[in-house]
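The following paragraphs lead the reader through one protein chain, from its overall form to a few selected places. Please keep the sequence and the model in view while reading.

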Amino acid sequence: MSRLPLTCLLAALLLLHLPSAFARDTVLVVLSGEGRDAGKTRPGYEFDELSQAWLIFKANDLAVEVASPQGGAIEADKYNPDEPFNAALLADADAMRQLADTRRIDALRAEDYAAVYVVGGKGAMFDLPRNTDLQGLLARAWDNGAVLAAVCHGPAALADVRLADGSPLVAGRRMTGFSNEEETVFGKKWASQFPWLLEDALRARGAAWDEAPLMMPKVVVDGRLVTGQNPYSTTAVAEAIVRALGRTPVARTPWRDELSMALVERLRSGDSAGATAALQQEPTRYHVELIGLLGYYQAQVAGDDAAQLRPALQTMQLALPHMAEPQLKLGAAEAHLRLGQSAQARALVLQVLEAAPQMEEAVTLLKRIDG
């Protein structure tokens, strides 16, 4: 009987213990399988956070595999299928095949992946933190040198991961995620059922928490750990993963939500005139309703803190010429009033009442101004 040469035998044994070439090019995307009825019965994952990252991974020649705790078909929360990034993913046969039959977490090997990306959505607060197979996979992936990343509520999957030496993965790590402030505005339906608020849990486990103002993009990179605060951080998280894998992200055209957030950041950095001119010049490039709502909700959480209220008001003012929404004008009027600018507040309320004389909220606000 012939025998394998000793060198071939040694080579075969080495291959059993080395990450495959395939692993160096593969990102595992983890999705919550909690969702039912587009998030109405049970919350699921955020399709936008999947589609934008998927397209960036593919554009940078990375393979993508999709998994969930139970495997099989899973449901996203309600999303806009007409957004270009979502439409592109819906037209991707490989993506649709994988979403129709996601891989089970307990069937995966950590060494097969160069990076693991956990998508957010409120469903991630329910099934991902309690899945011990996922915790074990993430711990092994980290110990193997993989990049771990998560966005929005996705960092919930990292909260209770313990490494081979028993230490918590997140302890002493700089991190971000969906903040308590954001939860108070956007988590009213489900937050009371969460096992904990994400920010509270990560702080309690020793993470060094960092956050941006309400719903502004924020990415924190701590070595091989990448976290993003909210859905508008998705593209930056995906490109940070690409960079962490030793690649330079390919140039691309930003989507309109990215452009809109960049415009607001430009405004908040002090270039109000430049931001206003850019929006006036090409309003269709931007998501004006997103800009207006962002300012509106930022003003709600600002209270009477002038340092937070002024940029929120400026954001609303940026959108007002392009957004015929009386509620936005009343939000701006309320902000003016809290800043002691009664004349500006009154002018905006009168504009609303001219179009809708019986609008109760406007009448009440005018009484407050004149009282």
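A residue counts as buried when its relative accessible area is under 20%, as exposed when that area is over 50%, and as partly exposed in between. Cys152 has a relative accessibility of 3% and therefore counts as buried. The model in which this value was computed is a predicted one. Cys152 is placed in the loop between β5 (147-151) and β6 (174-175). Its phi angle is near 65 degrees, a positive value in a residue other than glycine.

A positive phi angle also occurs at Asp37, where the value is near 55 degrees and the residue is again not glycine. Asp37 belongs to the loop between β1 (26-30) and α2. With a relative accessible area of 41%, which lies between the limits of 20% and 50%, Asp37 is partly exposed.

The chain as a whole may now be considered. It has 371 residues, of which 51% count as buried. Its secondary structure consists of 15 helices and 9 strands. Along the principal axes, the C-alpha trace spans about 100 × 40 × 40 Å. Among the contacts in the chain with a separation of 6 or more, 73% join residues that are 24 or more positions apart.

One residue with many such partners to examine is Gln229, in the loop between β9 (225-228) and α8. Is Gln229 buried or exposed? Its relative accessible area is 0%, under the 20% limit, and so Gln229 is buried. Its side chain makes a polar contact with the side chain of Glu182 at 2.9 Å. The side chain of Gln229 also reaches the backbone nitrogen of Ala212, at 2.7 Å. Beyond its neighbours within four places in sequence, Gln229 is in contact with several residues, including Cys152, Phe178, Glu211 and Met215.

Met215 leads on to the open space in the model. Rolling a probe the size of a water molecule over the atoms shows where empty space is left. The largest pocket has a volume of about 1200 Å³. Two or more residues of its lining come from each of α2 (47-59), α8 (234-244), α9 and α11. The lining comprises 40 residues, and those nearest the centre of the pocket are Glu46, Asp48, Met215, Pro231 and Tyr232. By character, the lining residues divide into 19 nonpolar, 8 polar and 13 charged.

The last region to visit is helix α12. Why does the span of this helix agree with expectation? At 1.5 Å a residue, the 14 residues of α12 (residues 306-319) should span 20 Å, and the C-alpha atoms at its ends are indeed 20 Å apart. The N-terminal end of α12 is capped by Asp305, which has a side-chain oxygen 3.1 Å from the backbone nitrogen of Ala307. The buried residues of α12 are Leu309, Pro311, Ala312, Leu313, Thr315, Met316, Leu318 and Ala319. These buried residues pack against α9 (256-268), α10 (272-281), α11 (288-302) and α13 (326-338).

Ala306 also has its place in α12. Its relative accessible area of 23% is not under 20%, so Ala306 is partly exposed. Apart from its neighbours within four places in sequence, Ala306 is in contact with Pro311 and Leu339. Ala306 and Leu339 are 33 residues apart in sequence, yet their C-alpha atoms are 6.7 Å apart in space.

Methods
Residues numbered from 1 in each chain as written. Predicted model: local features only at pLDDT ≥ 70, side-chain atom pairs only at ≥ 80, totals over all residues. Heavy atoms only, no water. Helix = DSSP H or I, 4+ residues; strand = E, 2+ residues; numbered from the N terminus. Expected span 1.5 Å × (residues − 1). Buried < 20%, exposed > 50% of the residue type's maximum accessible area, 1.4 Å probe, protein only. Contact = heavy atoms within 4.5 Å. Polar contact = N/O pair within 3.5 Å; in protein donor to acceptor, adjacent residues only side chain to side chain. 1 Å grid on protein atoms, 1.4 Å probe; cavity = no way out; pocket = protein on both sides within 12 Å on 5 of 7 lines; lining within 4 Å. Points joined across faces, edges and corners; volume = space filled by probe spheres on them. Nonpolar A, V, L, I, M, F, W, Y, C, P; charged D, E, K, R; others polar.
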